[in-house]
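The following exercises concern a ligand and the spaces within a protein. Please examine the sequence and the model before reading the solutions.

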Amino acid sequence: MSNEVRKPIISGNWKMNHNHFEAIQSIQKLAYLLTKEDFVAVDVTIHPPFTDLRSSQTLIDADDLQFILGAQHCHEAESGAFTGEVSAQFLAKLNVHYVIVGHSERRQLFGETDEQVQQKVVAIQKYSMTPILCVGETLADREAGLTHEKVLGQVRSALAKRSVEHVRSMVIAYEPIWAIGTGKTATADDAQRVISSIREEVSKISSPMAASAIRLQYGGSVKASNIVQIMSQPDIDGVLVGGASLDSAEFARICQYRLRTA
Ligand code: PGA
């Protein structure tokens with residue numbers, strides 16, 4: 001089920017790092033390091049904090065850069081009394097194309113539930129943006145042999161009632177929680193096993209067509225030194241990169257992984 005050609009997607013999740021001046025510098029550095037061919041080969045999305053979006057988008061437009069602007073989060077409602085929150089429609093107005101949803105830090109630190117994640121997916125797609133849905137198990141889940149149950153449960157819940165068209169255009173990032181920011185990565189084989197089971201699940205709950213089109217990422221301590229092995233797996237179409245995306249040179253090397261494959 002892995003033979004459709006899917007364009008790789010490399011996403012930089014800056015988390016709560018880089019103010020808008022630093023964001024501009026990082027984007028300019030990256031633009032200098034990456035070539036036209038890189039953007040033909042891979043989609044590169046960058047996900048700065050909310051306060052950086054406007055300046056990042058202005059720079060991308062003014063210099064005609066090929067980065068795709070992303071956000072890290074949004075609220076599921078259109079508008080209203082939700083102090084401190086930002087809705088999907090505001091992001092769409094800023095030319096944001098990809099929105100990370102259900103990141104484990106949001107689930108664990110801010111109590112986001114599967115139900116809210118599902119509603120956010122709907123809100124993001126309503127404004128024609130692409131959700132990058134994060135799923136992943138804790139170390140305790142993994143040790144109890146519950147990895148597949150946990151991950152596939154999150155996928156089922158987030159994709160509930162979505163049309164085949166909606167599902168096929170999404171991105172799902174498998175991010176084992178124990179591998180995020182810890183320096184530990186799932187072995188490439190291990191990540192491939194979980195990710196191929198996500199593809200099979202998408203086939204069951206949506207359609208084989210959606211399953212062969214949907215792009216699946218791995219995330220968790222991805223670096224220039226392990227990207228080649230990760231991307232060599234048949235079902236892995238990209239990566240969601242946290243820490244290593246803050247260093248433009250390292251992130252550029254990640255985006256250019258194909259130059260180091262035999
Ligand atoms: P990391 O973060 O690359 O720093 O492990 C990944 C993520 O949280 O998306």
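Three exercises with worked solutions follow.

This is a predicted model, in which local features need pLDDT of at least 70 and side-chain atom pairs count only at pLDDT 80 or more, while totals for chains, interfaces and linings use all residues. Residues are numbered from 1 along each chain as its sequence is written, and side-chain values use heavy atoms, with hydrogens and water left out.

**Exercise 1. Describe the surroundings of the ligand and its polar contacts.**

Step 1. Find the shell, taking a residue as near the ligand if one of its heavy atoms lies within 4 Å of it. The ligand is surrounded by 13 residues, the closest being Lys15, His103, Glu175, Gly181 and Ser221.

Step 2. Sort the shell by class: Ala, Val, Leu, Ile, Met, Phe, Trp, Tyr, Cys and Pro count as nonpolar, Asp, Glu, Lys and Arg as charged, and the others, Gly among them, as polar. The shell holds seven polar, four nonpolar and two charged residues.

Step 3. Look for polar contacts (pairs of N or O atoms within 3.5 Å). A side-chain N or O atom of His103 is 2.7 Å from an oxygen atom of the ligand. Polar backbone atoms also take part: one of Gly181 is 2.6 Å from a ligand oxygen, and one of Gly243 is 2.8 Å from a ligand oxygen.

Step 4. Assess burial, using accessible areas from the Shrake-Rupley method with a 1.4 Å probe. The ligand taken alone exposes 280 Å², of which the protein buries 96%.

**Exercise 2. Determine which pocket holds the ligand, and describe the two largest pockets.**

Step 1. Apply the rule for a pocket: on a 1 Å grid over the protein atoms alone, it is an open set of points with protein on both sides within 12 Å along at least five of seven lines, and lining residues have an atom within 4 Å of a point.

Step 2. Place the ligand, which sits in a pocket if more than half of its atoms lie within 2 Å of the grid points. The ligand sits in the second largest pocket, whose volume (the space filled by probe spheres set on the points) is about 230 Å³.

Step 3. List its lining. Of 21 residues, Gly181, Ser221, Gly242, Gly243 and Ala244 lie nearest the centre of the second largest pocket.

Step 4. Turn to the largest pocket, with about 420 Å³ of space. Its lining has 18 residues, with Lys15, Met16, Gln72, Arg106 and Phe110 nearest the centre.

**Exercise 3. Characterise the largest cavity.**

Step 1. Search for points where a 1.4 Å probe fits but cannot get out. One cavity of 30 Å³ or more is counted.

Step 2. Describe the largest cavity: about 40 Å³ of space, with a lining that includes Gly102, Cys134 and Glu175.

Note on methods: Near = heavy atom within 4 Å. Polar contact = N/O pair within 3.5 Å; in protein donor to acceptor, adjacent residues only side chain to side chain.
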